[in-house]
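Please read the following walk through one protein chain with the sequence and the coordinates open beside it. The account goes from a single side chain to the whole fold, and then to the ligand and several places in the backbone.

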Amino acid sequence: MRIITRSGSSVPASDHADWQSILAASFRDAGSLLEYLQLSPELIAGDAIKAAVKQFPVLVPPGYAALMKPGDPRDPLLLQVLPRADENQQVEAYVPDPLAEKHSNARQGIIHKYQGRALMLATGGCAINCRYCFRRHFDYSANRLGRRDWQQALEYIATDSSISELILSGGDPLMLQDDALSELISLAEAIPHLTRLRIHSRLPVVIPERITDALIRRLEMSRLNTVVVLHINHPDELTPAHKEPLNLLRNSGTWLLNQAVLLKDVNDDLMILSDLSERLFAFGITPYYLHLPDPVTGTHHFDSGDDTALRLHHQLRSTLPGYLVPQLVREIAGEPYKIPYISLTSGQ
Ligand code: SF4
């Protein structure tokens with residue numbers, strides 16, 4: 001199989017269009033990604049970039065790369081995945097664990113931050129490595145859960161009847177194969193006080209083939225109300241090829257929400273954010289959160305600043321119907337919920 005790019009050239013994926021074969025054909029070094037995009041290798045020259053890649057490797061699925069504009073070093077999808085020398089700068093207030101998740105690590109693989117919800121790190125792997133990732137320094141080795149550990153990890157939730165929602169996160173929980181995911185859902189369904197299952201994933205966006213028939217069927221038959229929170233930052237990430245798989249997911253009875261991160265030079269622009277909300281809605285996805293980026297070491301260059309965020313959010317509210325305006329939020333360690341950022345004045 002070859003994936004056709006927007007320029008008409010093609011990129012190899014595999015002979016089988018299953019999601020794992022596509023994932024296996026991902027770009028794993030920035031040089032070949034730049035060559036594919038007809039861009040100069042000078043963009044990644046230097047020891048600082050080598051150090052950044054060593055710390056957080058490059059991973060870009062071929063279909064996602066195919067959506068980037070060849071010859072454009074400022075392409076908003078490329079900027080999300082291309083390592084930069086800035087990642088090595090030490091900037092005050094940027095730390096490896098800004099959300100202090102290690103203090104909410106109730107037990108191996110379980111994070112319990114908020115009332116009524118607990119998060120399980122179902123896997124440490126992702127289908128794409130986003131340079132702004134808030135868990136890029138997370139100690140997955142200390143939180144690795146094998147399939148045999150799930151039951152024990154879920155004991156924590158089973159013994160706390162105040163928890164009604166299980167959040168599967170990671171990494172990306174849809175990196176689990178369908179049979180494994182099905183087993184995990186069954187374990188969750190066996191906990192009587194759980195009523196909701198939420199899955200946070202970027203996989204349906206970067207490899208829409210991940211939305212398999214088996215996944216749809218399993219979600220459809222679950223006794224839990226299911227929610228999939230997609231992580232889509234730019235309207236170019238949603239194409240006609242996503243329409244059918246996302247429709248199938250939605251028709252399984254699954255709520256589709258989106259949380260985007262406000263990223264400098266990627267989406268910190270009124271037209272882009274407005275287009276993103278419109279396109280999400282056209283694909284049956286509710287724009288839910290627009291996150292201010294977390295102050296994670298190595299990601300400061302993605303921060304547009306609070307003033308820009310407030311101004312853009314005010315403009316969005318002035319432009320779109322309320323149901324298309326995501327909540328602008330910041331997560332602050334120790335707070336009982338994500339903190340809404342609201343501009344009350346038109347001057348913001
Ligand atoms: S998919 Fe999510 S967890 Fe994985 S690298 Fe991207 S932002 Fe981080």
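Is Y289 buried or exposed in this model? The model is a predicted one, and in it Y289 has a relative accessible area of 13%, so this tyrosine is buried, the cut-off for that class being under 20%. Y288, by contrast, has a relative accessibility of 22% and therefore counts as partly exposed.

From these two tyrosines one can step back to the chain as a whole, in which 13 helices and twelve strands are found. The radius of gyration of the protein chain is 20 Å, close to the 20 Å that the globule rule gives for 348 residues, so the chain is as compact as a globular protein of that length. Along the principal axes, the C-alpha atoms occupy a box of roughly 55 × 55 × 40 Å. Of the 348 residues in the protein chain, 54% are buried, and the accessible surface amounts to about 15,200 Å², with 52% of that area belonging to carbon and sulfur atoms. When contacts between residues at least 6 apart in sequence are considered, 80% of them join residues that are at least 24 apart.

The aromatic side chains give a more local view, since a search of the whole structure finds four aromatic pairs. One of them is formed by F281 and Y323, whose rings lie 5.6 Å apart from centre to centre with 50° between their planes, an arrangement classed as tilted. This pair links distant parts of the chain, for F281 belongs to helix α12 (residues 270–282), while Y323 sits 42 residues away in the loop between α13 (306–319) and β11 (327–330). F281 has a relative accessibility of 47% and so counts as partly exposed, whereas Y323, with a relative accessible area of 54%, is exposed. The tyrosines met at the outset, Y288 and Y289, form an aromatic pair as well, and theirs is stacked, with 4.0 Å between the ring centres and 25° between the planes.

The ligand offers another place to look. Which residues surround the ligand? They are C126, I128, N129, C130, C133, G171 and R202, and by class this shell divides into four nonpolar residues, two polar ones and one charged one. G171, a member of this shell, is placed in the loop between β6 (165–169) and α8, and the peptide bond that leads into it from G170 is cis, with omega near 15°.

Two further backbone features concern residues other than glycine. Q38 has a positive phi of about 55° although it is not a glycine, and its place is the loop between α2 (30–36) and α3 (47–55); with a relative accessibility of 56%, Q38 counts as exposed. A93, likewise not a glycine, has a positive phi of about 80° and is found in the loop between α5 (76–81) and β3 (105–107). The relative accessibility of A93 is 61%, so this residue counts as exposed.

Some positions show how segments separated in sequence meet in space. G116, in the loop between β4 (110–111) and β5 (117–121), is buried, with a relative accessible area of 10%. Its C-alpha atom is 5.4 Å from that of S162, although the two residues are 46 apart along the chain. Once neighbours within four places in sequence are left aside, G116 is in contact with S162, I163, S164 and E165.

I163 also appears among the contacts of Y156, which, with the same sequence neighbours left aside, touches A106, R107, I110, H112 and I163. Y156 lies in helix α7 (residues 150–158) and is partly exposed, with a relative accessible area of 22%. Between Y156 and R107 the C-alpha distance is 7.8 Å, while their separation in sequence is 49 residues.

A last position, A190, is located in the loop between α8 (178–189) and β7 (196–201). With a relative accessibility of 59%, A190 counts as exposed, and its C-alpha atom is 9.7 Å from that of R223, a residue 33 places away along the chain.

Methods. Residues numbered from 1 in each chain as written. Predicted model: local features only at pLDDT ≥ 70, side-chain atom pairs only at ≥ 80, totals over all residues. Heavy atoms only, no water. Near = heavy atom within 4 Å. Nonpolar A, V, L, I, M, F, W, Y, C, P; charged D, E, K, R; others polar. Helix = DSSP H or I, 4+ residues; strand = E, 2+ residues; numbered from the N terminus. Rg over C-alpha atoms; globule rule 2.2 N^0.38 Å. Buried < 20%, exposed > 50% of the residue type's maximum accessible area, 1.4 Å probe, protein only. Contact = heavy atoms within 4.5 Å. Areas by Shrake-Rupley, 256 points an atom, 1.4 Å probe, with all protein chains shown as cover. Phe/Tyr/Trp six-rings, centres within 6.5 Å; stacked < 30°, edge-to-face > 60°.
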